[in-house]
Amino acid sequence: MDTMRERFATVTTELLDADPRLALVLAVISSDRFKDAARAHPDRVIDVGIREQLLVGASGGLALTGLRPIVHTFASFLVERPFEQVKLDLGHQGVGAVLVSAGASYDIAAGGRTHQSPGDVALLDTLDGWTVHVPGHPDEAEALLRHAAADGDRRVYVRLSDHANAEPLPATPGRFQVVREGRGAVVLAVGPMLDAVLEATAGRDVTVLYASTVRPFDAATVAAAVGRSVRPDLVLVEPYLTGTSAPFATEALASFPHRVLALGTRREELRHYGSWQEHVAGHGLDAATLRERIDAFLEV
């Protein structure tokens, strides 16, 4: 199976050939994957060098001319480092773009803290009007990327990761899917956390929801699922900063008493390199630890 990042390169190259309104803006990262596209479309494949603020600023300028920019680099360099440009050159100017990141929270842990970005979605939550996709499989990444490229002038973030589920689910932007029905509680798995959640809740009488698009937050599906449960308990399992979606879940469930357990990456920095698999375990997001944490919550 190819990775989400490999699929992104293949699909974006196809989209550039098909749609003259699309432009690709890079900052060295992944430029080797777009050599053919750059030769075919030298006016619409732009590499600004290692200048991430310019990466986003130039994208805002392209959007003002009527183009639909697809903007790509590692998550920490796409959202965190040029955040002022994301806020002003896109949001304040009222223009759209498709930001596509790689690296996720800790895929590139060997690159050190500069290449880790567990807070990217939480940071975008401080801004208005962003659609956020967190695919759990390359097939989902392709479907969501194609949707984002054709999504008018909206501001869209597509968060790619090496961490992936074994099988894809249909990607329905803005809607959470019911993967398993139960009565005892509801567990919401985001993107690549689904396989671990299904393993962690095997044999448990819980409903498992799946989200490959987290913003907008599908409050109606969450409220309906929790409302049908014997106990109004919701567990959020996200592959980024713990509690990122907790305010949205609380708002969705505000009409009745409920409990929310938010699981994700810890705020405490893991000062180790290691693989993304080791970081998953280090943050307690592996199936065995998830099972312990979810069971302890539901037993109270």
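## A tour of two sheets and what packs around them

Begin by selecting the open sheet whose 5 strands follow the order E7-E9-E8-E11-E12, with mixed pairing; strands here are DSSP runs of E with at least two residues, helices are runs of H or I with at least four residues, and both are numbered from the N terminus. Two strands count as paired if DSSP finds at least two bridges between them. The edges of this sheet are E7 and strand E12 (259-265), each of which pairs on one side only. From one strand to the next, the twist averages 25 degrees, where axes are lines fitted to C-alpha atoms, for helices over the stretch in contact, and angles run from 0 to 180 degrees between N-to-C directions.

Before going further, keep in mind that this is a predicted model, in which local features need pLDDT of at least 70 and side-chain atom pairs count only at pLDDT 80 or more, while totals for chains, interfaces and linings use all residues. Residues are numbered from 1 along each chain as its sequence is written, and side-chain values use heavy atoms, with hydrogens and water left out.

Within the sheet on screen, select strand E8 (residues 186-190) and strand E11 (residues 233-241), which run parallel and are joined by 4 bridges. Ala189 has Val237 in E11 as its bridge partner.

**The other sheet**

Now select the open sheet of 7 strands in the order E2-E1-E3-E4-E6-E5-E10, where the pairing is again mixed. Its edge strands are strand E2 (45-47) and E10, each pairing on one side only. Neighbouring strands of this sheet are turned by 20 degrees against each other on average, with direction ignored.

Move next to strand E4 (residues 97-102), which runs parallel to E6 and is joined to that strand by 5 bridges; here Val100 stands opposite Val158 in E6. E3 and E4 also run parallel, with 5 bridges between them, and Val71 has Leu99 in E4 as its bridge partner. How many of the residues of E4 are buried? The count is 6 of the 6, so E4 is largely enclosed by the rest of the structure; buried means under 20% relative accessible area, exposed over 50%, and partly exposed in between, with a 1.4 Å probe and protein chains only. Colouring the two faces of E4 separately shows Ala97, Leu99 and Ser101 on one side and Val98, Val100 and Ala102 on the other, all of them buried.

**Helices on the sheet**

Add H1, which lies across strand E1 (22-26), E2, strand E3 (68-74) and E4, running at about 140 degrees to E1. H3 packs on the sheet as well, touching E1, E2 and E3, and its direction makes about 170 degrees with that of E3. In helix H1 (residues 4-18), pick out Thr13, which touches Phe34 and Ala37 when residues up to four places away in sequence are not counted; contact means heavy atoms within 4.5 Å.

**The nonpolar cores**

Of the 43 residues in the largest nonpolar core, select Leu99, Trp130, Tyr157, Leu188, Val222 and Leu234, which touch the most other members. Such a core is a set of buried Ala, Val, Leu, Ile, Met, Phe, Trp, Tyr and Cys residues joined through side-chain atoms within 4.5 Å. Helix H3 (residues 52-64) gives the most to this core, with 4 residues. Apart from it lies another core, of 24 residues, among them Ala189, Ala200, Val208 and Trp276.

Centre the view on Leu234, whose contacts, leaving aside neighbours within four places in sequence, include Val186, Leu188, Val222 and Phe297.

**Aromatic rings**

Finally, turn to Phe176 and Phe217, an edge-to-face aromatic pair at 5.2 Å centre to centre with 85 degrees between the planes. Rings of Phe, Tyr and Trp (its six-membered ring) pair if their centres lie within 6.5 Å, with planes under 30 degrees apart counted as stacked, over 60 as edge-to-face and the rest as tilted. Phe176 lies in the loop between strand E6 (155-159) and strand E7 (177-180), and Phe217 in the loop between strand E10 (213-215) and helix H9 (219-228), so the pair ties together parts that are 41 residues apart in sequence. Phe176 counts as buried at 4% relative accessibility, and Phe217 is buried with a relative accessible area of 14%. Together with Phe248, these residues form one aromatic cluster.
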